[in-house]
Amino acid sequence: MDFTLTDEQTLLRDGLTRFLSTRYSLEKSRAAAKTGPGWQPEIWRAFAEELGILGAAVPEEFGGIGGGAVEMMLITEALGHALVVEPYVDTAVVAAGLLRRAGGDVAGALLEQIVSGTAIVSVAATEPTSGDFWQDVTTKAVRDGDHWVLTGEKIVSASTPLATHVLITARTAGERTDTEGISLFLLETDSATANIEMHHYRTVDDRRASDITLEGLRLPGAALLGAEGGAWSSLARARDEGAAAISAEAVGCMRKVLSDTVEYCKQRRQFGQPIGSFQVLQHRMVDMYMDVEQSAAAVLLAILKLDEDETTRARAVSAAKATVGRAAQFIGQQAVQLHGGMGMTEELAIGHYFKRLTALQFEFGSTDHHISRYGRLTTR
């Protein structure tokens, strides 16, 4: 199999890398995350207008460039290397995929807004009792004339504080964990003021998330996206796409952490010589390097399998997510230890990357969840 990038893919990767190296300051992004709005709107506009990456995997009919999973991998790895907090995966990967598969005029119009950078769309799928399982849905949606009435609770809805729209999963039929009977609804955040409560907060890795309580929220009939009760197959794919995307992001993070750690060990001196000259530390950095490369290979396999049948896709994604989860924990901890007490300070980048690598282990399914799912899928 040929893994060589096309000229267009190479230009996409190199152009984004140059942009982030010259215009995305870690210091400025952390300030926006901690004391400001949580992101940099001017960077998001540049993603849309100058780089076009918000439409990289969106069909041309909606204003995108019609790319695929490889383009997504190149973008998310570069974003991870620069520790970008803007909600690319949540909006341009997960939500855009759900909208594309839902079809219809409403979804199509919103896809165009995502590509242009005028809409940020998040997904509210996890609930207090659902854990790693998106199909565990207790939120109810009931018809009331030409409207839908939603009642339930969603937690840790990533990027919702920044979002103009939220995609909400709700059950229109079936029992709690049935895959049949789950529907997808579109909420415009500016228009929702009654019978909804949103608690926004900053996460440990400087992202934004929300807990949402719906108490008889009324939505118009057009808010239902796709077929009633038939959203699960699209949700399952979106979750795998999200897991693959943040796994690629983690590879970018780990490459940066390893590079910074090696450079630090060349400069930090002890007993009159650089600590990087100590053989035991060299062996440790070699182990870190091997984990990075193993993770990159697993992610590439998952990316190439995203368009395969459901079982093949899920098995490859779980293998990648589990591999990345183990590596992220090891590399993050080793980097902090090799930096000593400085590793967790706000002044050094390592501490910020460590927090993101820790959070990534639990997004779109924890490491343990994906190990378990991989085991089930390989014993069938």
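## Legends for a predicted model

**View 1. The overall fold matches the expectation for a compact globule.** For 380 residues, a compact globule would have a radius of gyration near 21 Å, and the protein agrees because its own value is 21 Å. This is a predicted model, so please read every view with that in mind. Along the principal axes, the C-alpha trace spans about 80 × 50 × 40 Å. If you would like to trace the secondary structure, look for 11 helices and 10 strands.

**View 2. Here we turn to burial and contacts within the protein.** Of the 380 residues, 54% are buried. Take the contacts with a separation of 6 or more: 72% of them are between residues 24 or more positions apart.

**View 3. The surface and the charges share this panel.** The protein exposes about 16,700 Å², and 52% of that area is supplied by carbon and sulfur atoms. There are 36 positive and 49 negative charges in the protein, and the mean positions of the two sets are 6 Å apart.

**View 4. Gln40 sits in a loop between two helices.** To find this residue, follow α2 (26-35) to the loop that leads to α3 (41-51). Gln40 has a relative accessible area of 4%, so this residue counts as buried, the cut-off being under 20%.

**View 5. This close-up shows the contacts of Gln40.** Leaving aside residues up to four places away in sequence, Gln40 touches Tyr24, Lys28, Ser29, Ala32 and Glu86. Of these contacts, Lys28, Ser29 and Ala32 lie within the range of α2 (26-35).

Technical notes:
Residues numbered from 1 in each chain as written. Predicted model: local features only at pLDDT ≥ 70, side-chain atom pairs only at ≥ 80, totals over all residues. Heavy atoms only, no water. Helix = DSSP H or I, 4+ residues; strand = E, 2+ residues; numbered from the N terminus. Rg over C-alpha atoms; globule rule 2.2 N^0.38 Å. Buried < 20%, exposed > 50% of the residue type's maximum accessible area, 1.4 Å probe, protein only. Contact = heavy atoms within 4.5 Å. Areas by Shrake-Rupley, 256 points an atom, 1.4 Å probe, with all protein chains shown as cover. Lys, Arg positive; Asp, Glu negative; His and termini not counted. Charge placed at Lys NZ, Arg CZ, Asp CG, Glu CD.
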